[in-house]
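These are my notebook entries on one protein model, written while I had the sequence and the structure open side by side.

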Amino acid sequence: MSRSAAPLSLLDPPAAPAARRAADGARRRTSASAVLRTVLEHGPVARSTIARLTGLSPASVTDHCARLDALGLIRETAAPRRAKGAGRPHVPVDLDADRFVVGGVHVAVPYTSVALLDLRGRVVAERRLGHDEGTEPDRVLANAARGLGALLSEAEGRLPLGVGVAAGGWVDRDSGTVVEHALLGWRDVAVRDAISERTGLPVQVDGHARALVNAERLFGRARGSRSMLHLFVGNVVDAAFATHDEVHHGPRSQAGAIAHLPLAGGTEPCECGQTGCLQAELSERTLCRRARERRIIRSANPVHVVRAAAEGDPAAARLLVERARMVGRAARLLLDVLNPETVVVTEVGVMSRQDCLTALREAVGRRDALVVPSSFPDSVLAVAGGSVALDVLYRDPLSVPAAPKRNSAEPARSSEESN
Ligand SMILES: [Zn+2]
């Protein structure tokens, strides 16, 4: 049965070869992705183990490892010297995490975070750019691109693979735009084009709640969870939901817009005319205003409330616990609808205080769901931006442009750059 030699029959629709090629391509992408994910989770790891964990044939794993090695994403690690056996089938492979970085940009209400992340999702450099001159999109995005450029020029020998941009509000991944972000005053801002024109790098854009679900999936504590709800409570309040490896976006990426869901017991008037909307009630602005009213802080920085509580101010601790309880009620609402295995909460008190986490869990009140704080308490915004790009990389590692081989490339680069 030599399929390839057979002429196209009338029973073969003309689209079949193209469809078959597309299916082959998709299969190859999926397999390469599975191999790279396994190396991320288990590396250094033998190819035979990768085959066992992924269900791919040893030959296929060898083939994919060769491709990923050629791209510079993985490398063989030092093999344990053993006398018996010929060849080197058990030389383990691991991520080549020092070579590549992705850029991450997160646009928050008071500042933009720019960062570089390595292939393990670790932040290797980070900078905050304040919005002292306002949040006009052109200026904010030009500053972000400049900030990334500065970080890259300081990261000697690291090659950038792309940039991920995350923000709250309504962010449409497919068109690469921030459709609406009321607190920034942004509407239909073409973020992907703006950053990619200025950096010359491929750029991906997504909502920060979804971006952080991908970060948890790839690098976080909730890795391996079959369904996950993420609740992001900053100045913006939004949510994201994933089953297995797929984050739900919905048409035009509108999923997770929960800012105006009513929260029982809420007292805060919202700009939409209702009272007790999630975002009005739980935003950091509200937290800081209440903290100022109670003379806990004078600033508009939620971290100062956490610091006051850590230094023993009972009013600060009470305020944070109150907020955590309200966050728990919000989580409960969503949990009842979506029934996820894991709930991840990004909220300043819950990430830093056990009493807040306890209050959150009590308010959720369901023992069958694992309720955990974000895995990235020290760098959550930097991780959000970079994860948008890393998610794309891990889904389709073969799309990485071929990099110069390590040995030939490195001496030339370092002598050039050490001025
Ligand atoms: Zn509202």
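**Entry 1: terms and ground rules.** Before looking at the sheet I wrote down that two strands pair if DSSP finds at least two bridges between them. I also noted that helices (H or I, at least four residues) and strands (E, at least two) are DSSP runs, numbered from the N terminus. The model is predicted, and local features need a pLDDT of at least 70, side-chain atom pairs count only at pLDDT 80 or more, and totals for chains, interfaces and linings use all residues. Residues are numbered from 1 along each chain as its sequence is written, and side-chain values use heavy atoms, with hydrogens and water left out.

**Entry 2: the whole protein.** I looked up the secondary structure and found 14 helices and 15 strands. Of the 419 residues, 51% count as buried, where buried means under 20% relative accessible area, exposed over 50% and partly exposed in between, with a 1.4 Å probe and protein chains only. I then checked the confidence, pLDDT, which the predictor gives for each residue from 0 to 100: the protein averages 89, and 89% of the residues score at least 70. Over residues 1-9 the pLDDT is below 50, and beyond near neighbours in sequence this stretch has two contacts in the model, a contact being heavy atoms within 4.5 Å. Residues 408-419 also stay under 50, with seven contacts beyond four places in sequence. I reminded myself that where pLDDT is low, the predicted coordinates should not be read in detail.

**Entry 3: strand β12 and its partners.** I followed strand β11 (residues 227-233) into β12 and found that the two run antiparallel, joined by seven bridges, while a hairpin of three residues connects them. At this hairpin V233 stands opposite V237 of β12. On going further I saw that β12 pairs with strand β13 (residues 246-247) over two bridges, again in the antiparallel sense, with T243 and E246 as bridge partners and A242 opposite V247. The hairpin between β12 and β13 has two residues in its turn, one of which, H244, has a positive phi of about 50 degrees. I also noted that six of the seven residues of β12 (residues 237-243) are buried, so this strand is largely enclosed by the rest of the structure.

**Entry 4: the sheet.** Which strands make up the open sheet, and in what order? I read the order as β13-β12-β11-β14-β15, five strands with mixed pairing. The strands β13 and β15 (370-373) stand at the edges with a single partner strand each, so one side of each is left without a neighbour in the sheet. Helix α10 (residues 314-338) packs on this sheet and touches β11, β12 and β14 (342-346), its direction making about 145 degrees with that of β11. For such angles, axes are lines fitted to C-alpha atoms, for helices over the stretch in contact, and the angles run from 0 to 180 degrees between N-to-C directions.

**Entry 5: two helices and one serine.** I looked up helix α2 (residues 47-54) and helix α3 (residues 58-71), which pack at an angle of about 115 degrees with their axes 9 Å apart. Among the residues making this contact are R47 and I50 of α2 and P58 and V61 of α3. Last, I asked whether S33, in helix α1 (residues 16-42), is buried or exposed. S33 is buried, with a relative accessible area of 13%, and leaving aside neighbours within four places in sequence, S33 is in contact with Y394, R395 and P397.
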